[in-house]
Each structure stands twice: as structure tokens, then as C-alpha cells.
Amino acid sequence: GYLQADGVFGLGEHDHATIDHGPLDSFRVRRARLSVNGDIVPGVGWTVGVDLVQSPVLLDAYITMRQVPAANIRVGQFLAPYSLERLASEPRNMAYERILDRFVPGRDIGIMVFSPEPVWKGLAYAVALVNGAGQNVHDNNAAKDWVGRVTWKVPAIAGVTIGANAQSGEEPGGRRTRVGADIALDSEHYHVAAVWQRQTEASQ
């Protein structure tokens, strides 16, 4: 688990308006997360994670079957495989606040097949079938969303990874499609990344 806190203070005169449901001048705990995991039997693990800020909120609750290294299977509520920024753990996220949260899928309920490590010449993948309604929410229609991500660790350039994402599914208002791409350079002393994201919605 981990704890993330900050302080927000205005410059000059202000009317103590609220920012993110808190007073403008204040210290606050943004995240306090606890995660536990283990193995049910060899090759089959479980994970449960909660956020303790305000009231306990269930984040992760899934089982992962690791019998096939190139095709792990995960069932339950998990983080959908989309976007470098969204998948980066909070301690490694360069922007303290996630910029693209409103435009990319987050946690959802479903099933995912993925390779935790590159399976061929630096390529790794993940594909998931999820409700599309989001975290801790009952499905709002009979359709499901497909979400996928492919990453490539460029052999000729140490530390460079290129990623591509896609999501498509029927929503109550029509079909929603998301596509995105990212590139990152990791070294011992710095991390540089760029992310592109597009979303379209077709009304019924």
C-alpha cells in the first residue's frame, strides 16, 4: 500500500472557494491505498485493493491464472489495459494528477488475457472484455466493451517503449470508440513520455 498527501494554498486574496471538494488553503490526503494478494494454489493468485480516503472503496478484486506465461487470465474488477498514464502506478506517475482520466477507461469488471512480459521481439499485449460501466457499477446495458493494448520495447533503442490502445463498446447513448498511442523513454536518471488520445461517440 501507499499514502499520498499534499497541500493546496492560494496566492493573494481569495474567497476560500473550494477545489476538488476541499478548502482552497488546506493539507489533504489524496490517496491511502492498501492491497493484499496471495496464491490460492500454485499458478493461481488473488488480489484485493481498497482506497481508505473518506470511506473504504473497493479498487481491485480479481483472480489471475498464470499457468500459461504468454497468456495470463484475469477475472474480476481490474484496471483496463489502456493508456500509459492510466496504467502507471501512482508513485511512478509523472503528473501528480492524471490528465486523461476522463477520456480513458479505468477499473472495470470483466475478463482479460495478457502477457506480463514481452512474448516476441519486445512485443507484449493485453485484451479485455469488460462491462464498460466502470468501477463498482452494475452494467447499464447488455453490450460489452473490448479494450486492448500492445506495447513494443524497441530493441535498437534501450529504454524506449511504444504503445497503442483501443476501446470500443455500446453505451446507452450510442457507440463509444477510443484510440490512443504513447511513447516512453526510461533511463536510470530520467523518464520522458508523450501520450496521444482520441475519443468519438456515435449517437443512436
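Here is an informal walk through the fold, three of its hairpins, two buried residues and the main nonpolar core.

**Overall picture**

Keep in mind that this is a predicted model. The protein chain has one helix and 13 strands. Read along the sequence, seven strands come before the helix and six follow, in the pattern β-β-β-β-β-β-β-α-β-β-β-β-β-β. Of the chain's 204 residues, 35% count as buried. The exposed surface comes to about 12200 Å², and carbon and sulfur atoms supply 62% of that. As for how far apart in sequence the touching residues sit, take the contacts with a separation of 6 or more: 42% of them are between residues 24 or more positions apart.

**Three hairpins**

Three antiparallel pairings are worth tracing by eye, and here they are side by side.

| Strand pair | Bridges | Residues in the hairpin connection |
|---|---|---|
| β5 and β6 | eight bridges | five residues |
| β11 and β12 | 12 bridges | two residues |
| β12 and β13 | 13 bridges | four residues |

Strand β12 (residues 174-186) turns up in two of those rows, pairing with β11 (residues 160-171) and also with β13 (residues 191-203). To get your bearings on the β11 side, look for Glu171, whose bridge partner in β12 is Gly174. On the β13 side, Gly180 stands opposite Gln197.

Further back in the sequence, β5 (residues 44-51) runs antiparallel to β6 (residues 57-65). A handy landmark here is Gly49, which faces Asp60 in β6. In the turn of this hairpin, Gln54 has a positive phi of about 65°.

**Two buried residues on β5**

Is Asp51 buried or exposed? Asp51 is buried, because its relative accessible area is 10% and the cut-off for buried is under 20%. This residue belongs to β5. A polar atom of the Asp51 side chain lies 3.0 Å from the backbone nitrogen of Val53. Leaving out residues up to four places away in sequence, Asp51 touches Arg31, Ala32 and Arg33, along with Pro56, Val57 and Leu59.

Thr47 lies in β5 too. With a relative accessible area of 13%, Thr47 also falls under the 20% cut-off, so Thr47 counts as buried. Which residues does Thr47 contact, leaving aside its neighbours within four places in sequence? They are Ser35, Val36 and Asn37, plus Asp60, Ala61 and Tyr62.

**The nonpolar core**

In soluble globular proteins, nonpolar side chains tend to be buried together. In this model, the largest nonpolar core is made up of 12 residues: Tyr62, Phe78, Ala80, Tyr82, Leu100, Val104, Met112, Phe114, Ala126, Ala128, Val130 and Val147. Strands β8 (107-114) and β9 (123-130) each supply at least two residues of this core. Which strand gives the most to this core? That would be β9, with three residues.

Some of these names link back to the earlier sections. Tyr62, a core member, is one of the residues in contact with Thr47. Leu100 is in the core as well. Setting aside neighbours within four places in sequence, Leu100 is in contact with Glu85, Val195 and Gln197. Gln197 is the β13 residue that stands opposite Gly180, so to speak a good place to finish the tour.

Technical notes
Residues are numbered from 1 along each chain as its sequence is written. This is a predicted model: local features need pLDDT of at least 70, side-chain atom pairs count only at pLDDT 80 or more; totals for chains, interfaces and linings use all residues. Side-chain values use heavy atoms; hydrogens and water are left out. Two strands pair if DSSP finds at least two bridges between them. Buried means under 20% relative accessible area, exposed over 50%, partly exposed in between (1.4 Å probe, protein chains only). A polar contact is a pair of N or O atoms within 3.5 Å; within protein, one must be able to donate a hydrogen and the other to accept it, and residues adjacent in sequence count only if both atoms are side-chain atoms. Contact means heavy atoms within 4.5 Å. A nonpolar core is a set of buried Ala, Val, Leu, Ile, Met, Phe, Trp, Tyr and Cys residues joined through side-chain atoms within 4.5 Å. Accessible areas come from the Shrake-Rupley method with a 1.4 Å probe; for residues, only the protein chains shown count as cover.
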